[in-house]
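This report describes the fold of one protein chain for a reader who is new to structural models. Please keep the sequence and the structure in view while reading.

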Amino acid sequence: MNNLIYSLNATMPVFAVIVVGYLLKRKKFINEEFISVANRLNFKITLPLLLIKDLMAMDFRAEFNVKFVAYCAIVTIICFFSVWIGAKLFVRDKSVIAEFVQGSFRSSAAILGTAFMINIYGDTGMVPMMIIGAVPLYNIFSVIVLQLESPMHKANTNKKMVKQIRSDNIKKSIKGIATNPILIGIFIGVALSLAEVDFPVMVDNTVGSLAKLTTPLALLAIGGSFEFGKAIEKIRPAVTGAFIKLAGQAVIFLPIAVLLGFRNKELMAIVIMLGSPTTPSCYIMAKGAGCDGILTSSMVVLTTLFSAVTITTMIFILRTLGYV
């Protein structure tokens, strides 16, 4: 019973705030403009500041784990190519392969990962290290599959134009990774940690106040953007992709992580990487690549809805076995 209570305490407060965001949107306390501003504020300011603050508090030389970062990167690579090959072989509607692959392997690792870790441990734990290993690959692989599999590019018979579009999108993706505020925040935090820099009290308190906005703003925005109607569109591939995203990858790679010796904060970060919902940014990228976005939006809704059960179950099992 104690392990069940621990698991519920770890996940339910996070999902409860998402539900509050959904209800506030329904009651018109918040609107699309608020959600857009909250997402932008989180992505560009509050989350990077939170990561900087937590990394500064780390002894980075002592706590950096090459094995952990490498594991996150290798698992991300394996998941991506496995899902892509499987989709090419088994998905009947070839027009949705790009959306299916992106939605099945790409997690909301930064936002929800941070929320879960803060709720459980009071800080971001190993999430920054997980982000270093996985998030750049999320962006690179998403661009690759969207460029090679999207209906718009396949239908375009002008090979020169398609080649130029792909080249431009790859350049934009590389620039996007290089200017990603979350990754920049991590590298600034690492640099300050290595240099053993301490902010003056006034600066530290200001950064701390802004950093504390991250979790509630992000979760309210996720809840506010939730649309149940989209869950039933293209339901068969959406359910299949949601299963892969929430359970399929975790069933394979969590036991391997345990065998490799990962425990506590490391293992929890891996749970988030493997089992957190499809990130809403997948929809933006899918639309930008010429996909209709219906399957992506369905997968975002389904994975967000059912991750409350799957993540709680994973934490309960790992807690019962004494790994977290």
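Among the contacts in the protein with a separation of 6 or more, 84% are between residues 24 or more positions apart. The model is a predicted one, with a mean pLDDT of 87 and with 93% of residues reaching 70 or more. Confidence varies along the chain: among the elements, helix α8 (residues 151-155) has the lowest mean pLDDT, 59, and helix α4 (residues 66-90) has the highest, 96.

**Overall form**

The protein contains 16 helices and zero strands. Its C-alpha trace spans about 60 × 50 × 45 Å along the principal axes. A compact globule of 324 residues would have a radius of gyration near 20 Å, and the protein agrees with this, because its own value is 19 Å. Of the 324 residues, 50% are buried.

**The nonpolar core**

The largest nonpolar core has 83 residues, and the members that touch the most others are Phe-68, Val-101, Met-130 and Ile-131. Beyond its neighbours up to four places away in sequence, Met-130 touches Phe-68, Cys-72, Ala-109, Val-135, Ala-269, Ile-272 and Met-273.

**Two helices**

Helix α13 covers residues 235-259; its 25 residues should span 36 Å at 1.5 Å a residue, and the end C-alpha atoms are indeed 36 Å apart. The helix nevertheless has a kink of about 45°, centred on Ile-244. Its buried residues include Ala-238, Gly-241, Ala-242, Lys-245 and Leu-246. Helices α4, α5 (97-105), α14 and α16 (294-320) are among the elements that cover the buried residues of α13. After α13 comes Gly-261, which has a positive phi near 100°.

Helix α12 (residues 214-224) is mostly covered, with ten of its eleven residues buried. Among these buried residues are Thr-214, Thr-215, Leu-217 and Gly-224. The cover over the buried residues of α12 includes α1 (2-26), α2 (32-56), α6 (111-121), α11 (201-211) and α16.

**Two buried residues**

How does the relative accessibility of Gly-275 lead to its being counted as buried? The cut-off for a buried residue is under 20% relative accessible area. Gly-275 has 0% and therefore counts as buried. The residue lies in helix α14 (residues 264-275). Leaving aside neighbours within four places in sequence, Gly-275 is in contact with Lys-245, Leu-246, Ser-307, Thr-310, Ile-311 and Met-314. Two of these partners, Lys-245 and Leu-246, are buried residues of α13.

Leu-183 is found in helix α10 (residues 181-194). Its relative accessible area is 7%, so Leu-183 is buried. Not counting residues up to four places away in sequence, Leu-183 touches Ile-131, Pro-136 and Ile-177. Of these, Ile-131 is one of the core residues that touch the most other members.

The table lists C-alpha separations for pairs that involve these two residues.

| Pair | Separation along the chain | C-alpha distance |
|---|---|---|
| Gly-275 and Thr-303 | 28 residues | 9.0 Å |
| Leu-183 and Thr-124 | 59 residues | 14 Å |

Technical notes:
Residues are numbered from 1 along each chain as its sequence is written. This is a predicted model: local features need pLDDT of at least 70, side-chain atom pairs count only at pLDDT 80 or more; totals for chains, interfaces and linings use all residues. Side-chain values use heavy atoms; hydrogens and water are left out. A nonpolar core is a set of buried Ala, Val, Leu, Ile, Met, Phe, Trp, Tyr and Cys residues joined through side-chain atoms within 4.5 Å. Buried means under 20% relative accessible area, exposed over 50%, partly exposed in between (1.4 Å probe, protein chains only). Contact means heavy atoms within 4.5 Å. Helices (H or I, at least four residues) and strands (E, at least two) are DSSP runs, numbered from the N terminus. pLDDT is the predictor's confidence in each residue, from 0 to 100. The expected span of a helix is 1.5 Å times one less than its number of residues. The bend at a residue is the angle between axes fitted to the seven residues ending there and the seven starting there. The radius of gyration is taken over C-alpha atoms; the globule rule is 2.2 Å times the number of residues to the power 0.38.
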